[in-house]
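Here are my notes on the model you passed along. Have the structure open while you read, and click through to the residues as they come up.

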Amino acid sequence: MNPINPSPKYNPAEVEDKWYAYWLEKGFFHAQHNSGKEPFCIVIPPPNVTGVLHMGHMLNNTIQDILVRKARMQGKEACWVPGTDHASIATEARVVGMLRERGIKKSDLSRDEFLKYAWEWKEKYGGIILEQLKKLGASCDWERTNFTMDPDYYKAVIRVFVDLYKKGYIYRGLRMINWDCEAKTALSNEEVLYKEDGERSILYSVRYRINGSDDEWVTIATQRPETILGDVAIAVNPTDERYKKLVGKKVLVPFIHREIPIITDDYVDKAFGTGCLKVTPAHDVNDYEIGLRHLLPVIDTINDDGTLNEKCELPKFVGKDRFAVRKEIVKDLREAGHLIKEEEFITRIGRSERTNSVVEPKLSLQWFVKMKEISNTALKAVENDEIKLHPAKFKNTYRHWMENVRDWCISRQLWWGHRIPAYYFGPGENDFVVAETPVVALTLASQKAGRPLVETDLRQDADVLDTWASSWLWPMQVFDGFDNENFDSVRGKIIRTKNKDLNYFYPTQVLVTAPEILFFWVARMIIAGYEYMDEKPFEDVYLTGIVRDKLGRKMSKSLGNSPDPLDLIARYGADGVRTGMLFSSPAGNDLPFDEKLCEQGRNFANKIWNAFRLVKGWEVAEGTIPVENEIAIQWFDSRFHQSLEELNDHFTKFRLSDALLTVYKLVWDDFCAWYLEIIKPEYRKPIDGETYRKTIHHFENILKLLHPFMPFITEELWHEFYERKEKDCIVVASWPEEKGYDTSVLNHAALSFNVVSEIRNLRNLKGLSPKESLTLYLKAAETILDKSFIAVIQKLSNIHEVLFTKNSIDQAATFLVGTTEFFVPLAGKTDAVKERETILKELEYLQGFLVSVEKKLSNEKFVNSAPPNVIEMERKKKEDAEVKIKSLEENLKGLP
RNA sequence: GGGGUCUUAGCUCAGCUGGUUUAGAGCACUACCUUGACAGGGUAGGGGUCGAGGGUUCGAAUCCCUCAGAUCCCA
């Protein structure tokens, strides 16, 4: 062996950082609008600015990197735009937590003071995640890094709010929201958590006296007796015979004797509780809707902090917490004879993700985006495949959501985020203006108020915008789409031709993201894209699965079941982890993560490494090329192009696991197990120059196909074969062109390899050493295989002589490949009993098979109605089976 | 409660508009081999009545219905 041959184990740690730095230094990841090439752009789903890399990011970003690297090699101007999201709720919660640890309460700080802390926090931890992505090999254009609260981005978000307001899409309205009484903030639905098995609660049956009667009662069931002071009606199902005669009568709310009607509503479930529902519009979503239907008043008895207010009409409860009041009022109800029954039951209780306090449904003035009209085009775009979802099954989900889209509540009671540009100048409901700057607001407000106002007369809305109300602009604003020069504020459109980057890169090609944010983010980006660019933001959406642990749980920090990605990279190499994740992640399916996959990835890298060591270790001597090498080179060329075609096809269909598997098999099976074994010179013998050069050429081609998946090892090996020029790197090498392949060579090779397998199998069965040379007979015409393939068979299965025969050979082991019979004479080594067993077993299978085929063919209906090619195929099957059976039977006769 | 998706070998999945063998792959498993690129290797093998039950059809893993289970989204 050549003395320069390095370690039999590939060491990723030694090469990864080196190459990443080199790629950056040469600027390979930077893309420009004037390259003259076809653009290929992906915008990253921006991770939370203060987040750290988890397994979901690993999968998601590996996929993006694979797509970007392949496009770059295909000669496209590949641009992967990175960045981070300010993630208002998550980040604010972390800052609040950090301050709490330092003994500082948010409520003691002014808005500006709090934001100062928040920015400090962001500066300290922001962007860690982007550094981690570099370890993975992510080939992002770092010069284009964006943050959703960068000054320009901030402006864009505000500009869009103002624009949508002007267009009439934004309005202010009452809405039942999820309220966190502890954090005193509204929560989005996804921030409300429910315990999996529900929680224990008590269902109280409370009776209300019918007005005007002495002892006539209606009994309702409730879990929240403290809200009865806000009751405005009792509802029953209209089909409920039990209560028909009571409808229209009035009852009295206990203690406060408010007179409320008994009404009917379909919502009421006859079977639940008593079948009578108390209606409290201020404190329950469904009750609120019933209230709307029946024009009932709303009596809000609970304050922002969860205490009761004076509207409950009972001074003893005012200022007391809702749960304390529940206890007291239950006691009072019991004593007053109103409480009929208490029973435990399991129910779903919503709790705040942040504070774990029970979520209070609360009516509140919020800002909304009207969604129906603005989302029409976005619905159609996916319907008619203008934007393709992968896998397509998500089209149904998307359609259903878009057809039933609800208005989007975009205000959040937080400080970290884009502050809503609404300015109030008076006490009236409409005493406000919406403007991009306080200066403009002042002018507008003065006009609206009809009197000159000064700056101090204006009060800006305290709330910030939902995070998605900034990230939905991502594909446009990462290219500064909303800058002054590009944005036509009269029409409310981006003038794309004024912005070269945007004009060139938009629409982007692929978006890679998780299905759970299909609506929150993907759909809204589509909506915004059509609204401002009159064009989709991306061509294809690849939806990844959720990375789960072995127990099927989502990997999360709180569960502590997620391995540390950087630790995995340290142990298996970035290439190993990348391929490991991809081995088992078909689009749209969850990925049950197992470290064994990374191990498999690492083993693959090692296999490639050792193939390199083998080739690199050969001494080269010019001389004639052996026939088997010649055919092997030819065969591998065909096999390579066949795989390339398959690989490209998988890529266009976004079947990346399959794509990886195609390359994996090409490398492991075809290149290492067959090709290298055929051309491998005898121990310590040199290889001929022609074979050596062609082999390196094949190797280089293989490395190219591997590069998107395994960027580091391929770059390392790329430079091991030759001294290369400064910018001759595989990261920018050209992706191989498809060309035809010789199917006849492929077929002959397949036949030869089958024969080799059969002989190896034979050796296994007979306990013959691979070193023992054998003779092979073919009962076939000599034209069946040409000499070079016979040489291949001889070399790979240690056959010293191949002979053609017209008759069966006695005292020989036999096998079939296709319909051709092969014999290996084994005088004295055959075991007639075993032989018979083997043949009988195969005969049994073939006869069973034949019966099933014959059954089909003898079915008149089948012969009459099946298409001719199908019938022809069945006939062929039958013939083949018969030929095989015949020859097996003959062999059986030949046995002693 | 409404809607979606899924159920194929021990595990993870292919199987596209029904018909190329009596269902494939990777991993795992079993046996054997191995001083000569790689034991993180090689060769071979075992393993599934395609969730259950109906139906359509000459023919169903594939289309339709019912049921069961898993999972996600919306309320």
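The points below go from the overall chain down to single residues.

1. First, a reminder that this is a predicted model. Chain A carries 27 helices and 35 strands. Its radius of gyration is 37 Å, whereas the globule rule gives 29 Å for 896 residues, so chain A is more spread out than a compact globule. If you want a feel for the outline, the C-alpha atoms fill a box of roughly 110 × 65 × 55 Å along the principal axes.

2. How much of the chain is buried? Buried residues account for 54% of the 896 residues in chain A. On the outside, the accessible surface is about 41,500 Å², with 50% of that belonging to carbon and sulfur atoms. As for contacts between residues at least 6 apart in sequence, 76% of them join residues at least 24 apart.

3. A quick word on charge. Chain A has 122 positive and 135 negative side chains. The centres of these two sets lie 1 Å apart.

4. On to the aromatics: searching the whole structure turns up 44 aromatic pairs. Take Trp-367 and Phe-432, whose ring centres are 5.5 Å apart with the planes at 85°, so this pair is edge-to-face. Trp-367 sits in strand 16 (residues 360–369) and Phe-432 in strand 21 (residues 432–434), so the pair ties together parts 65 residues apart in sequence. Both partners are worth checking for exposure: Trp-367 is buried at 1% relative accessible area, and Phe-432 is buried too, at 6%.

5. There is also an aromatic cluster to look at. Ring pairs link a set of residues that includes Tyr-10, Trp-609, Phe-612, Trp-635, Phe-671 and Phe-753. Trp-609 comes up again with Ser-7, which lies in the segment before helix 1 (12–25). Leaving aside neighbours within four places in sequence, Ser-7 is in contact with Trp-609 and Arg-613. Ser-7 itself is partly exposed, with 37% relative accessible area. For a sense of scale, the C-alpha atoms of Ser-7 and Ile-129 are 33 Å apart, and the two residues are 122 apart along the chain.

6. Now the backbone. Most peptide bonds are trans, and most residues other than glycine have a negative phi. Where are the cis bonds I'd point you to? One is the peptide bond from His-390 to Pro-391, with omega near -5°, and Pro-391 sits in the loop between strand 17 (388–390) and helix 10 (394–403). Another joins Tyr-506 and Pro-507, with omega about 0°. Pro-507 is in the loop between helix 14 (500–505) and strand 26 (508–513).

7. Two positive phi values are worth a look as well. Leu-295, which is not a glycine, has phi near 55°. Leu-295 is in the loop between helix 7 (285–294) and helix 8 (322–335), and it counts as exposed at 77% relative accessibility. Arg-684 has a phi of about 65°, again positive in a residue that is not a glycine. Its place is the loop between helix 20 (656–679) and strand 31 (687–688), and Arg-684 is exposed at 66% relative accessibility.

8. Buried or exposed: which is Val-522? At 0% relative accessibility, Val-522 counts as buried. Val-522 belongs to helix 15 (residues 518–533). Not counting neighbours within four places in sequence, its contacts are Leu-511, Thr-513, Ile-517, Phe-538 and Val-541. With Val-541, the separation is 19 residues in sequence and 8.4 Å from C-alpha to C-alpha.

9. Last, Val-732, in the loop between helix 22 (711–721) and helix 23 (743–766). Which residues does Val-732 touch, not counting those up to four places away in sequence? They are Phe-28, Arg-72 and Lys-727. The C-alpha atoms of Val-732 and Gln-74 are 8.7 Å apart, although 658 residues separate the two along the chain. Val-732 is partly exposed, at 34% relative accessibility.

How values were computed: Residues numbered from 1 in each chain as written. Chains lettered and ligands numbered in written order. Predicted model: local features only at pLDDT ≥ 70, side-chain atom pairs only at ≥ 80, totals over all residues. Heavy atoms only, no water. Helix = DSSP H or I, 4+ residues; strand = E, 2+ residues; numbered from the N terminus. Rg over C-alpha atoms; globule rule 2.2 N^0.38 Å. Buried < 20%, exposed > 50% of the residue type's maximum accessible area, 1.4 Å probe, protein only. Contact = heavy atoms within 4.5 Å. Areas by Shrake-Rupley, 256 points an atom, 1.4 Å probe, with all protein chains shown as cover. Lys, Arg positive; Asp, Glu negative; His and termini not counted. Charge placed at Lys NZ, Arg CZ, Asp CG, Glu CD. Phe/Tyr/Trp six-rings, centres within 6.5 Å; stacked < 30°, edge-to-face > 60°.
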